[in-house]
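Here are some short exercises to work through with the coordinates at hand. Try each one yourself before reading its solution.

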There are 2 protein chains.
Amino acid sequence: GGSTVESLDYEVIENYAYREEQAQRGKLYVGYYVVVKWFFALLIGIGTGLAASFINISVENFAGWKFELTFSIIQKSYLAGFLVYLLINLALVFSSVYIITQFAPAAAGSGIPEIKGYLNGVDIHGILLFRTLIGKILGSIGSVGGGLALGKEGPLVHIGACIASLLGQGGSTKYHLSSRWLQVFKSDRDRRDLVTCGCAAGVSAAFRAPVGGVLFALEEVTSWWRSQLMWRVFFTSAIVAVVVRTSMGWCKSGKCGHFGSGGFIIWDISDGQEDYSFEELFPMAIIGVIGGLLGALFNQLTLYMTSWRRNYLHKKGARVKIIEACLISVITSVISFGLPLLRKCSPCPESDPDSGIECPRPPGMYGNYVNFYCSKDNEYNDLATIFFNTQDDAIRNLFSAKTIHEFSAQSLLTFLVMFYTLAVVTFGTAVPAGQFVPGIMIGSTYGRLVGMFVVKFYKKLNIEEGTYALLGAASFLGGSMRMTVTLCVIMVEISNNLKFLPLIMLVLLLSKAVGDAFNEGIYEEQARLKGIPLLESRPKYEMRKMTAKEACGTQKVVSLPRVVKVADVVSILRSSEHNGFPVIDHTRSGETLVIGLVLRSHLLVLLQSKVDFQHSPLPSDPIGGSRSIGHNFSEFAKPVSSKGLSMDEIHLSSDDMEMYIDLAPFLNPSPYVVPEDMSLTKVYNLFRQLGLRHIFVVPRAARVIGLITRKDLLIED
Amino acid sequence: GGSTVESLDYEVIENYAYREEQAQRGKLYVGYYVVVKWFFALLIGIGTGLAASFINISVENFAGWKFELTFSIIQKSYLAGFLVYLLINLALVFSSVYIITQFAPAAAGSGIPEIKGYLNGVDIHGILLFRTLIGKILGSIGSVGGGLALGKEGPLVHIGACIASLLGQGGSTKYHLSSRWLQVFKSDRDRRDLVTCGCAAGVSAAFRAPVGGVLFALEEVTSWWRSQLMWRVFFTSAIVAVVVRTSMGWCKSGKCGHFGSGGFIIWDISDGQEDYSFEELFPMAIIGVIGGLLGALFNQLTLYMTSWRRNYLHKKGARVKIIEACLISVITSVISFGLPLLRKCSPCPESDPDSGIECPRPPGMYGNYVNFYCSKDNEYNDLATIFFNTQDDAIRNLFSAKTIHEFSAQSLLTFLVMFYTLAVVTFGTAVPAGQFVPGIMIGSTYGRLVGMFVVKFYKKLNIEEGTYALLGAASFLGGSMRMTVTLCVIMVEISNNLKFLPLIMLVLLLSKAVGDAFNEGIYEEQARLKGIPLLESRPKYEMRKMTAKEACGTQKVVSLPRVVKVADVVSILRSSEHNGFPVIDHTRSGETLVIGLVLRSHLLVLLQSKVDFQHSPLPSDPIGGSRSIGHNFSEFAKPVSSKGLSMDEIHLSSDDMEMYIDLAPFLNPSPYVVPEDMSLTKVYNLFRQLGLRHIFVVPRAARVIGLITRKDLLIED
Ligand SMILES: Nc1ncnc2c1ncn2[C@@H]1O[C@H](COP(=O)(O)OP(=O)(O)OP(=O)(O)O)[C@@H](O)[C@H]1O
Ligand SMILES: Nc1ncnc2c1ncn2[C@@H]1O[C@H](COP(=O)(O)OP(=O)(O)OP(=O)(O)O)[C@@H](O)[C@H]1O
Ligand SMILES: [Mg+2]
Ligand SMILES: [Mg+2]
């Protein structure tokens, strides 16, 4: 899949067009630019908040309606209920996979590896298009509403990034939704900042965790970070939180159907365990280790699954993908309906009127103690409580305090094994899929299991199984995603309880360390598999012994003269795959001189527009002359997430082919250079930290014109 | 003060000594290095946690004992009580200022601007020494215990950084506390990472806010950040939190004297306001604006004060500094004791036995409703409640919920004006001083004032003045320090209440925006004043139009030949101030070639050791030969925070002067180079993002040997 991947240019190309553009900009423009930047941050926040609300309301309504219908039918016949349940799930999943395979293939999966790649400097074709956004929103509703073992949180990150990127190009040009006034962000660099905001907005919307969103953008997805950006990213996250809060407030009055206290993740467990004792640290450490092991295993299994799918299954076309997803939906329905049927019901515990927990829960409500296939009225089915439920409610039940002994160890273990398997199998199907919520499900299950043993053996009064479930959730996410601070903050924000911060930290430290002993985080593994060439922040160890010259190989450099024949340009573009070409000029004394780098995309623009063609093979004007070039800076701006022009779209007559172009005004006059024997470590740092696309390897200099030190860079306004 | 400032070398000098060192390192060494790194992170956490506990316990004991004594004496005579109060304060402040002026001048102030400078790449002499650490710890106890209008939080950041840096050099060499085994961190780069951990540890210890600590390091102090670092910084912060928690638990049993629930900042206001209505956003926005205005004013006033002090007062020597601090102590005592005397007492409100708040508070206890100079027993003095108290307790009282109408507007206003003035005047005296707690005091005062008006005019039941005090505190800190995410997280962590997150965000957004309209943040302003040349993350606007050549001026480059006469080295080092010199060699064909950069500090080491002196003026060996050089890599390592060798310490005979040195093995063979006409913006980015010290400006290259792209850097292990 390397063919659809292209590098981004985060460097500013300081060609004549750029300088002219800069010179024209007055103080007013700078002000306008700042205003638009913040206005976009606001819009990203509002857009992502609204998209998240829409998805949540839809999912809760579909799921609520589904469970309501099923519960009413099973009063008469469990078989009919099962069929209805299965068919509704199938219909939802089918709609999702159909949309994805037919209209928006780039919207499959979580999208986080792709966004990570984008922010690392590689553009994967199609991931930030308008149709991807729409596909992701609608697909998420189907796949999550259809009860698959996946979540809607990862997709929200992708949705936020899409919204940001679309705003960055001033709307979608294809669908005529664009506005010239908003097209101020012409470089990949500006768009990168917007997409960073979008990612944070996505997490903030998914978990109602604004600080977590900022940290997620910082720790997991971005590769470059400026501290000014923090402020804007934070603003976006705050807006999302406000929008989500407002939309939930609006829904409280019952306008949104089944969407009530469920939906938006926030499992308030502030009435949980008050304090913890020293001895409890041991079982908690065990949870951390289990999380690391199961998380690493999850990464490994999904890696095998995905590579198998890529190499065999998904090669056979869209139909196979559709069948696969539908099959998995059927299996999921069978297991989640069937397994609770096999489970014997337990009698309700003596109810404590203070806790407000009823057993069994009244029909049509959310809550613990589901009565499902029980012979008596005051019984409940503990497996159905977690399995035959939406994931949000299941997690709420697993996290719940004051419900000691609600679940039997056997049920939890059954659920753990089955759900883990389902999550592994579901991962990689052609539907939008997040790993956060399934991860929390898995983690909280074994967390609660450990909690049960603690309650049994430590015989302390104030231990809550819900707290252990929370720690388990943190540990599994840590073991799989390998985030730390972010997860810590997200877990605290969703559980609304600061007391557990040190415990969550302990668990995350362990689970990450254990997981790292086996493999990389799930997003890195997936990115590697998808052929997204991520550059890590640290150079590889072997690079210390390599030089720049060794790295760039023995290939002859394909370069262009300053004034070049159109036919030559065409043949070079046709015969090579490179995206940048050094431009070499001759001084009067006959020596050669590297005057810059010209990009393939810019050459294509020049060839298409033809206005710069000239008959003479001599430079039209000395460099630095005041000739106004016939191009606007924005003509060179690449459309977001698309390949731009290609050679096939350009038609040149044979007269044209005999003309010349003076490249001087269009090249990047000073790309970064490194001497040939610089160690690759240093070259890597330069490339990675500045987000470059091309570096010239040149011979050692003959003399030093000057030195730049800190003093030279301290210019006061 | 520019003479004591020197740049740090974050770049790895890849000379022969370094390469030999690298070659010798086996897999085992790499493992050892990682273990030591994490072990140091642990030690930094433990050390900072213990230092913070020690300071807190001492301060609380001094202050508690002081107030106890005073309260017991004023039962008989207010005059005698006042004298005792004044003298104890004076003694404490005197001890602090004496220690600072005589033993550890670098420990004065908050230290945050200096640490910021260090992490930006400039070393200020003496800030990370062992004596600075001790001075800071003891000085903080005196100045905070002595009741000055300053806090101990800023100093804790400096303390954390000192501990980290001392560990990084393997102990203090001067005091023979060092260990060879721990001296694995020889470069400024490794030390930078440790100091970053130390900063986070400081904030984590100060506020018991581990996530806040990480964010503080990230947002405020560091200039470079790697995502791997986050993990280690987070670990350190977590350790601090655990250590502090343990030491507090140990003190609970009464072993620590007056140190009880007071001390470590954590103003739990989780029993505060439950919800907020839309109309409340307006007064909250007003708080944000006030915070911005007062914060910017504070920065401006302290700037004037500090520059006046530097230019006039402190030039006159240590004695003036001591007198100044003592005078301010006396004034502070007079005001904090005297003003409450002038205030008429109010009758106690009808007590609500549920709230657990007694009025007046029992003698010798902490709490609201202080009975001070009241004629009746069931009266309290609202001004004394905040003024005649430790700052921690005063803030707790200002934040307290369920105490509506405790403070009169008049008292709050008096306190605000007086304390603001005291804080401005105290800032810049020669004692360790933090701005967090005074900032929270000021902010919560006007916040509570606004809260009182809201309670009065909105006539809602669930409004708590304490909530407004919290928002006020956030707004003032935001207006003065201009941090955002960090402050938000710290405020949430210290108030232990997540519900106010969006409100704090709103307030911070406003106060930072308003403050930014006037001046820079307090740390930037102070750094500028102290002559610390911080490089901002964004290049200046004018740099777009400048080239590298213009920036480095017209000065002739001082360079060295490859084999250089000792006498020439000496004369060049004597005659120039530069710290780096290009080394120029001649090829056989007579052309010149820049072969690297040699640092002044390395030349000094060579001159001192003399082992590399040779009689022949020819290269001793072709470059790349296998001659083993007579130096260990660690000899070139600069001692932390000290100037290293100077010319005066080196004694050379006249025979020595006639010898030669071959510099080839000791130079940095490939410093980063830029072509002469690269725009200064790009040069700036290179310098700032990679943390460089020298860049060579060279002529344009004659040819391109190769291109480096992403593909070339994707080397699989
Ligand atoms: N103009 C050129 N002449 C010679 N070799 C080149 C030239 N440009 C790139 N190369 C080399 O060709 C290889 C692939 O180059 P290519 O231009 O496709 O870059 P890439 O890593 O795929 O990034 P991009 O996404 O920009 O295409 C690299 O190893 C690079 O060293
Ligand atoms: N070897 C040199 N020859 C000529 N000019 C130099 C040389 N080194 C530095 N300069 C110039 O001298 C000025 C001050 O240089 P100096 O070496 O003191 O650096 P600095 O900014 O003070 O940093 P440092 O902390 O490393 O001393 C700078 O403007 C720089 O361009
Ligand atoms: Mg390519
Ligand atoms: Mg200097």
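**Exercise 1.** By what turn and what shift along the axis can chain B be laid on chain A?

*Solution.* Keep in mind that this is a predicted model. Step one: superpose the chains; a turn of 180° with a shift of 0.0 Å along the axis lays chain B on chain A, at an RMSD of 0.0 Å. Step two: the two copies are thus related as by a two-fold rotation axis. Step three: look at the interface, where 99% of the interface residues of chain B are also interface residues in chain A, so the copies meet through the same surface.

**Exercise 2.** Find how many disulfides the structure holds over all chains, and describe the one in chain A.

*Solution.* Step one: a disulfide needs two cysteine sulfur atoms within 2.5 Å. Over all chains there are two such links. Step two: in chain A, the partners are A:Cys345 and A:Cys374, with S to S 1.9 Å. Step three: place them in the chain. A:Cys345 sits in the loop between helix H11 and strand S3, and A:Cys374 in the loop between S3 and strand S4, so the pair links distant parts of the chain, 29 residues apart. Step four: the angle about the S-S bond is -80°, a left-handed link. Both A:Cys345 and A:Cys374 are buried.

**Exercise 3.** Is B:Cys197 buried or exposed, and which cysteine sulfur is nearest to its own?

*Solution.* Step one: buried means under 20% relative accessible area. With 0%, B:Cys197 is buried. Step two: the nearest cysteine sulfur belongs to B:Cys199, 9.3 Å away, and B:Cys197 is in no disulfide. Step three: B:Cys199 is in no disulfide either, and at 0% relative accessibility B:Cys199 also counts as buried.

How values were computed
Residues are numbered from 1 along each chain as its sequence is written. Chains are lettered from A and ligands numbered from 1 in the order in which they are written. This is a predicted model: local features need pLDDT of at least 70, side-chain atom pairs count only at pLDDT 80 or more; totals for chains, interfaces and linings use all residues. Side-chain values use heavy atoms; hydrogens and water are left out. Copies are superposed by least squares on the C-alpha atoms of residues with pLDDT of at least 70 in both. Contact means heavy atoms within 4.5 Å. Helices (H or I, at least four residues) and strands (E, at least two) are DSSP runs, numbered from the N terminus. Buried means under 20% relative accessible area, exposed over 50%, partly exposed in between (1.4 Å probe, protein chains only).
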